[in-house]
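User: I have a structure here that is new to me. Can you walk me through it?

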Amino acid sequence: MKLGSVQEAAIKLEKGDVIGMPTETVYGLAGRIDIKEEIEKIFLVKKRPFFDPLIVHVNSIEQAKTLTTDWSLVANELALTFWPGPLTLVLPKSDKVSDLITSGLQSVGIRMPNHPLALELLQKIRTPLAAPSANRFGRTSPTSALHVLSEFPDYDSIVIDGGLCEIGLESTVLSIQSIQKNYKFQLSILRSGAILESQISEHLIKKNIPFEFVEETNKRLAPGQMKHHYMPEIPLIVIDSKNISQADILKIAQEKIHQMPDIVEGVEIRKPKEFKKAREIKLPIDARMAARSFYSLLREEGHQHQADLIYIIISEWHHSEEWRPLKDRLYKAASIVF
Ligand code: TXA
Ligand code: MG
């Protein structure tokens, strides 16, 4: 891939190619929802299994309404408040959305991204764009255009350079069911992100809308929740202890990682023959700053210091709600936790 303009990306999208698109969360690999070949290409280029559904990006509430058969009061309120922004609403799909996009589910994830170049592109082409994060399946999500280039060096297309992603972690995915058991909307957070459950609650209470949060227990309806995801090129280890030497870390990693299977849920576990050098990743203490730099630290720290593994110490870890999205990614990106 190479860097290009919004105009060049729009032309690529006319011609059946998928492109790299900046958003405020992470970069996406985007294809037009009305060109089947492009939707297939997204899965093929990413090596993504077809059972993991795509999020559809829109330029307005008007456009979102065309994608669902149930633009409910809750959907409208949340979109008015949090869009453009890092909140994906999972709603019953209309026939504008193919089964390929939703992996056969009757629902579709929709969001309006808060990035000027993504919005410019969406305005220009006037068609929604399906876009998962622009990384090979199971690997660390890209938060800069250069990350996208390095994920797909052999694929001949364009990445729009929109700078570093401001949020740095994927959007909150919220499913909304308006079949009102007890006259309440049923909400489930399928993936945590920068829009917090407390913010959603606060807003709906203020608007006098009856709702309750429920746990989505049907795995089929909450896909993409694999245990291993976001994994960096070299193993990441999460350590819940302060008094441990680097020599011990290397020893434990050597033993435990070599006992693991080579592939977990379709994601390869990287196993250097011998672990010689470990590098600690220290995250900023502010939750927003930590989220913003997390994926690029996972990608770059190990390389820069020629380490065989990276580790993060969580013994004095933060417990507040705003750290939840980062913790979710951290545990899934880790090869081992001890
Ligand atoms: O911030 C983001 O959401 C980024 C940017 C590019 O917008 N996109 C992103 O896409 O993270 P992806 O493919 O990496 O994650 C999409 C996840 C799926 O794995 C699944 O968990 C959930 O969104 N999802 C999508 N459609 C769904 C549906 N109909 N029902 C349940 N979950 C769905
Ligand atoms: Mg992803």
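**Cavity and sheet**

Analyst: β6 gives the largest share of the lining of the largest cavity, four residues. Strands (E, at least two residues) and helices (H or I, at least four) are DSSP runs numbered from the N terminus. This is a predicted model: local features need pLDDT of at least 70, side-chain atom pairs count only at pLDDT 80 or more, and totals for chains, interfaces and linings use all residues. Residues are numbered from 1 along each chain as its sequence is written, and side-chain values use heavy atoms, without hydrogens and water.

User: Which residues are the closest to the centre of the largest cavity?

Analyst: Arg48, Pro53, Ile55, Val173 and Arg191, out of 39 that line the largest cavity. A cavity is a set of points on a 1 Å grid over the protein atoms alone where a 1.4 Å probe fits but cannot get out; lining residues have an atom within 4 Å of a point.

User: What about the sheet, in what order do the four strands come?

Analyst: The order is β15-β16-β12-β17, in an open sheet with parallel pairing. Two strands pair if DSSP finds at least two bridges between them. At the edges are β15 (278-280) and β17 (336-337), each pairing on one side only.

User: How many bridges join β15 to β16?

Analyst: Three, and β16 covers residues 309-313. Glu280 is opposite Tyr311 in β16.

User: Which strands does helix α10 touch?

Analyst: Helix α10 (residues 287-304) packs on the sheet and touches β12 (236-239), β15 and β16. Contact means heavy atoms within 4.5 Å.

Key. Chains lettered and ligands numbered in written order. Axes fitted to C-alpha atoms, helices over the stretch in contact; angles between N-to-C directions. 1 Å grid on protein atoms, 1.4 Å probe; cavity = no way out; pocket = protein on both sides within 12 Å on 5 of 7 lines; lining within 4 Å.
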